[in-house]
Each structure stands twice: as structure tokens, then as C-alpha cells.
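Reader: Got a minute to go through this one with me? Here's what I have open.
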Amino acid sequence: MSELVLDVLSWILLCLGGGFVLIGGIGTLRLPDFYTRLHAASLTDTMATILIFTGIMLQAGFSLAALKLAAIMLFLLLTGPTASYALANAALQSGMRPGAAHARARGEGEAG
Amino acid sequence: MIIVFALFLLSLLVITALAIVRTENLFVAVMLTSIFSLLMAANFFILDAADVALTEAAVGAGITTVIFLSALALTAEREKISGAGWRIALLVVTVLAMLIIYATFDKPRLGDPEAPVHQHLAPWYLEKTPEYMDIPNVVTAVLGSFRGYDTLGEVFVVFAACIGVLFILGVKPGEGATIKAPHSAGLKHHLIPQVVGRLLIPFIVLFGLYVQFHGEYGPGGGFQAGALIATGVILYALLEGEDAALRAVPRGVLLALVIGGASLYGGVGLVCVWLGGNFLDYSVLAADPVAGQQLGILLIEAGVGMAVCGALLSIFHAFAARPTRL
């Protein structure tokens, strides 16, 4: 019985994680400017990572594999947001203004 | 199911390759090359070649990207387009592609048990590894002992590459040169990457050592470990500045690692001859042939790891220490 509960729970987590990856992917493609795209992409780094890895850990059960998965999850949770931050910071330093695309689009709208 | 995933990855590889060819921005090309390597690593993993996947991920996606970027800092970011000779290039590429496609008709199907490679040598390796070396990872046994000559050659290639790069790039600018080498300060003003990096570097190096000494039991070995440890030190150099990295691991130590690693490998072979065996026949290293083989593999893997780590770091420093073009 508990096996079944764990299985169902793990699949719910995996599907939710997959959904977050999908949302992140669509957002990266569709959102208007760099910062919003980065925001969407960083969704896969954090929320999707937690959900998917917890889901796989439930599948792995109480074993060495689960410990390794936890270590990888910790590593990804540390590096992913740091990489997002570094990207955003580098963009800001090189003079890219947040919301510029939005302002430009509005400006064109007024002109047209 | 796995075949669908493999096809998906292979099509992504083709798309990435086309994108690399199409782009004129070299920075984008370097990033795409990194993605290409990562996809290739995933592909190797699907083909059950975990050792190769680890090497591809560590060297191809990790260190090569950093070295490409350091090289890019010395040159221009955009590709110089030369229109001349594209017809000849197209002709050569077409002919070569046709030849390769023609050659694949004779290739056995993927995973075909009747393929020639699975007929005599591979079964022999699988059968004899438990008997001769008694280690679980056959790849390490093949790499270190059965085909020790090839690996020795590879280590010498790495050694020669390192010496070559140092000869060309390691030269100090002359007295008259007005350009002062910039002392890269690293990412001093980027607090978050620095803190996270400091946290991670010890674990990266520790993982490298694990891969080094666990190579006989799991995927890994000298090449992967050397690349991983070099990645850790390069991360340190990127975060704290190149000078700090050189203080931590001076050039002398790097050269000693390269030379020491290559000599250790060759030396083990010579000791085998001295003890009455063949060159690189580790059975004579201990009273028990199996223990001798294990000792020999451990020693040569250490030599490989030292040489690769030292060579990659020397190459990185050779690029990073050049004055950037203004």
C-alpha cells in the first residue's frame, strides 16, 4: 500500500516538475526581453529541480542512490541560481536596461 | 524508448552543428560548442559509455570552453568572412560526406552481437579482466593494462600539446613591449558567485580525487579526474583572479605535474622491464600477478591524472596570462 502511495506521489512530483520545465522553456522563448526570459529560465533551475529530484528520490527509496541524488540536487540548487544571478549581473553591467524592450514596444505603438 | 531519446539527441546535435557553422559571432560559436559537447556526453551515456561521457562532459563542455573563451579574449569576437574558395570547400565537404555515408553501409547495426568487434577481442577482455586484474571496471582494465601502450601514447600527446602551447604562448612580451599584462582581479565585485564558488571548489576537487581513485570500480580514471581537478582550480582562477590561482598552484608545480605524470607512467613501464617482465606488464610488480596489475593500474592512472591536470592548467594559464588586445 505504502509502495503505491509513494509511487503516485513520486509521479505527481515528476509531472509537476516536467510542467515547470515546460513553462520555463515556453517562457524563455516567448517573453519579451532578456531579464524576463532569464526569470523564466531560472524557474527550471530551482522549482523543477526540487520537484523532479524529489520525485526520483522517492522512486529510489532509502538507498545510496537517493543520497547521491540529494547531493546532485544540492549542487544544482547552489549553481543554478548563481549562474542566473551572474548572467543578469553581467547583462546589467554591460548596460542592458530592464524593461527596455517593453518601453520600446510601447514607444512604437504610440508612433504607429 | 531509449532509441527515441537517442534520435532526439542526435537531431539536436545536427542542429547545434549547423548553428555553429552558421553563426559569425565567435562567442556564440564557443557556447554552442559547449552545448554540443554536453549533448555528445548525454549521447555517450545512452550508449552505456559512462567513462567517455564523463570525459566529454569534463573536458569538452567544461575546460575547452574556458580555454576557447580565454583565446577569444585575445582575438576579435567576430569571424572574418573570406568569400574565396567556398566552391572548393563545398566540393571537398560533399565528397567526404558521400564517402562517409557510403562507408556506413558496411557498418554493423548498433548493438549487433554479430559485429566483428564483439567476436574475438571484446569477449576476451570481458573474460580475462576478472582473472588478470580482478577489478569491476573493464574499461579501466583495457585502458590501463591491456592497451597500456595506447594510453601511454595519449599521455605523451597531452605532454607534447602542453609543451607546444607553452612554447608558443608562454613567451613573456619583450622589454620594449608597451602593453602591460592586465592583472585580472577576478570577480572581486561579484559577491554571490565568489561565495558559492568558494563553497563548491573543495567539493569539486574532492570529487576529482574520488573519480581518480574510484576508477577501477566505477566510471572514471586519470583523464576525467585530471580534468575535474583542473576545473576546480580554473574556477578559483576565475573567481579570485589568476594571480591568486598561481599562488595556490605555481607554474613550477604544474610543470612538475606534467613531467612527473608522464615520467611516472613511463617509469612504471621501465620498472616492469627491470623486474623481468615486458614493458607495461604490471604482473611482475608484486608477488601476486593480480595485485601487481592492480598496483600498476593505480600508478599509471595517477600518472595520467597528474599529466592531464598539469597540462590543462598550464594551457589555461598560458592563455590567461597574455596581455589582452586593446
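Reader: How do the elements of chain A run from the N terminus on?
Author: They run α-α-α-α. Keep in mind that this is a predicted model.

Reader: And how many helices and strands does chain A come to?
Author: Four helices and zero strands.

Reader: What share of chain A counts as buried?
Author: 12% of its 112 residues. Among contacts in chain A with a separation of 6 or more, 68% are between residues 24 or more positions apart.

Reader: OK, over to chain B. How is it divided into domains?
Author: Domain 1 covers 1-80, and domain 2 covers 119-174 + 182-326. Taken over C-alpha atoms, the centres of domain 1 and domain 2 of chain B are separated by 22 Å.

Reader: How many residues does each domain put into the contact?
Author: Domain 1 of chain B brings 15 residues and domain 2 of chain B brings 19. On the domain 1 side, ten are nonpolar, four polar and one charged.

Reader: Which residues touch the most other members of the largest nonpolar core?
Author: Ala307(B) and Leu312(B), in a core of 65 residues.

Reader: Which elements give two or more residues to that core?
Author: In chain B, they are α2, α3, α6, α7 (148-169), α8 (191-213), α9, α11 (251-274) and α12 (289-320). The most comes from α12(B), with 16 residues.

Reader: Where does this core lie relative to the two domains?
Author: Between them, because domain 1 and domain 2 of chain B both give residues to this core. As background, nonpolar side chains in soluble globular proteins tend to be buried together.

Reader: Back to Leu312(B). What is it in contact with, leaving aside neighbours within four places in sequence?
Author: Ile63(B), Gly226(B), Ala227(B) and Ala230(B). Apart from the big core there's another core, of six residues, including Leu13(A), Leu51(A), Phe53(A) and Met57(A).

Reader: Ile63(B) and Ala227(B) caught my eye. Which helices do they sit in?
Author: Ile63(B) is in α3(B) and Ala227(B) is in α9(B), and both belong to the set of residues where these helices meet. From α3(B) that set also has Leu54(B), Thr55(B), Ala58(B), Val59(B), Gly62(B) and Val66(B). From α9(B) come Phe223(B), Gln224(B), Leu228(B), Ala230(B), Thr231(B) and Ile234(B) as well.

Reader: What's the make-up of that contact by class?
Author: Ten nonpolar, four polar and no charged residues for α3(B) with α9(B).

Reader: And at what angle do the two helices pack?
Author: About 35°, with the axes of α3 (residues 50-74) and α9 (residues 222-240) of chain B 9 Å apart.

Reader: Is the crossing left-handed or right-handed?
Author: Left-handed for α3(B) and α9(B).

Reader: New topic: backbone oddities. What's up with the phi of Asp48(B)?
Author: Asp48(B) has a positive phi, about 70°, although it is not a glycine. You'll find Asp48(B) in the loop between α2 (26-46) and α3 of chain B.

Reader: Is Asp48(B) buried or exposed?
Author: Exposed, because just 9 other C-beta atoms lie within 10 Å of Asp48(B), and 12 or fewer counts as exposed.

Reader: And what about the phi of Asp134(B)?
Author: Asp134(B) also isn't a glycine and has a positive phi, about 60°. Its place is the loop between α5 (121-132) and α6 (138-146) of chain B. With 13 C-beta neighbours inside 10 Å, Asp134(B) counts as partly exposed.

Reader: Last one: how many residues does each chain give to the contact of chain B with chain A?
Author: Six from chain B and five from chain A. The chain B side has five nonpolar, one polar and no charged residues.

How values were computed:
Residues numbered from 1 in each chain as written. Chains lettered and ligands numbered in written order. Predicted model: local features only at pLDDT ≥ 70, side-chain atom pairs only at ≥ 80, totals over all residues. Axes fitted to C-alpha atoms, helices over the stretch in contact; angles between N-to-C directions. Left-handed = near helix turned anticlockwise from the far one by under 90°. Contact = placed C-beta atoms within 7 Å. Nonpolar A, V, L, I, M, F, W, Y, C, P; charged D, E, K, R; others polar. Buried ≥ 20, exposed ≤ 12 C-beta atoms within 10 Å, placed from the backbone. Domains from an automatic or database assignment. Core = buried A, V, L, I, M, F, W, Y, C linked by C-beta atoms within 7 Å.
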